[in-house]
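Good morning, and thank you for joining this group meeting. Please look at the sequence and the model as they appear.

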Amino acid sequence: WDTDRPQADAMVTTLPGFGLCILTADCTPVLFADAEAGVIGAAHAGWKGALGGVLEATVASMTELGARPGRIHAAIGPTIGQASYEVGPEFRDTFLEASPASEHLFGPGQGDRYHFDLPGYCSASLVAMDIGHIVNLDLDTCALEDAYFSNRRRNHRGEPDYGRNASVIMLAP
């Protein structure tokens with residue numbers, strides 16, 4: 001095994017018995033599978049990665065290995081929910097400059113704040129790629145404190161780090 005591991009926000013494989021794991025702390029994990037082609041993928045989609053095309057790059061890599069978007073099943077795992085994801089106007093401006101069609105994903109917050117729907121953005125990206133089956137688990141890492149680690153919750157409470165959530169996918173051997 002090569003001990004010099006690359007750092008990346010997404011991976012794909014056709015190797016049975018080889019698990020792909022994404023660690024998140026509020027960002028969106030998205031797991032992909034085209035069972036017919038025997039191709040799986042896993043992506044870590046924070047707002048920057050999602051806006052930068054990590055989901056599209058994952059699907060493109062999968063299609064290079066024989067997957068077809070219409071056959072891909074995608075699962076959006078536990079991630080920060082819109083009610084928990086308060087952002088400032090500079091975030092909204094930056095995001096809308098790159099993705100003007102995303103305005104509906106910003107709900108009102110307190111004062112000049114907004115609540116951003118990151119899993120909604122990821123879901124819309126998957127729909128735009130014609131992914132065949134999309135499931136959003138709709139589990140808010142920040143609100144479900146007995147089940148998930150949340151970096152945002154930790155920061156608000158001034159708690160020490162370290163925690164992460166793991167999402168894993170594997171082709172059966």
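I shall speak about one sheet and then about two residues.

This is a predicted model, in which local features need pLDDT of at least 70 and side-chain atom pairs count only at pLDDT 80 or more, while totals for chains, interfaces and linings use all residues. Residues are numbered from 1 along each chain as its sequence is written, and side-chain values use heavy atoms, with hydrogens and water left out.

Let us begin with the sheet. Five strands, by which I mean DSSP runs of E of at least two residues, numbered from the N terminus, form an open sheet in the order 1-4-3-5-9, with mixed pairing. Two strands pair if DSSP finds at least two bridges between them. Strand 1 (10-13) and strand 9 stand at the edges with a single partner strand each, so one side of each has no neighbour in the sheet. Strand 1 pairs with strand 4 (residues 39-45) in the antiparallel sense over 4 bridges.

Now to the residues. Aspartate 34 lies in strand 3 (residues 28-34). Is aspartate 34 buried or exposed? Its relative accessibility is 1%, so aspartate 34 counts as buried; buried means under 20% relative accessible area, with a 1.4 Å probe and protein chains only.

Threonine 141 sits in the loop between strand 9 (133-136) and helix 5 (151-157), a helix being a DSSP run of H or I of at least four residues. Threonine 141 is also buried, with a relative accessible area of 0%.

Technical notes: Buried < 20%, exposed > 50% of the residue type's maximum accessible area, 1.4 Å probe, protein only.
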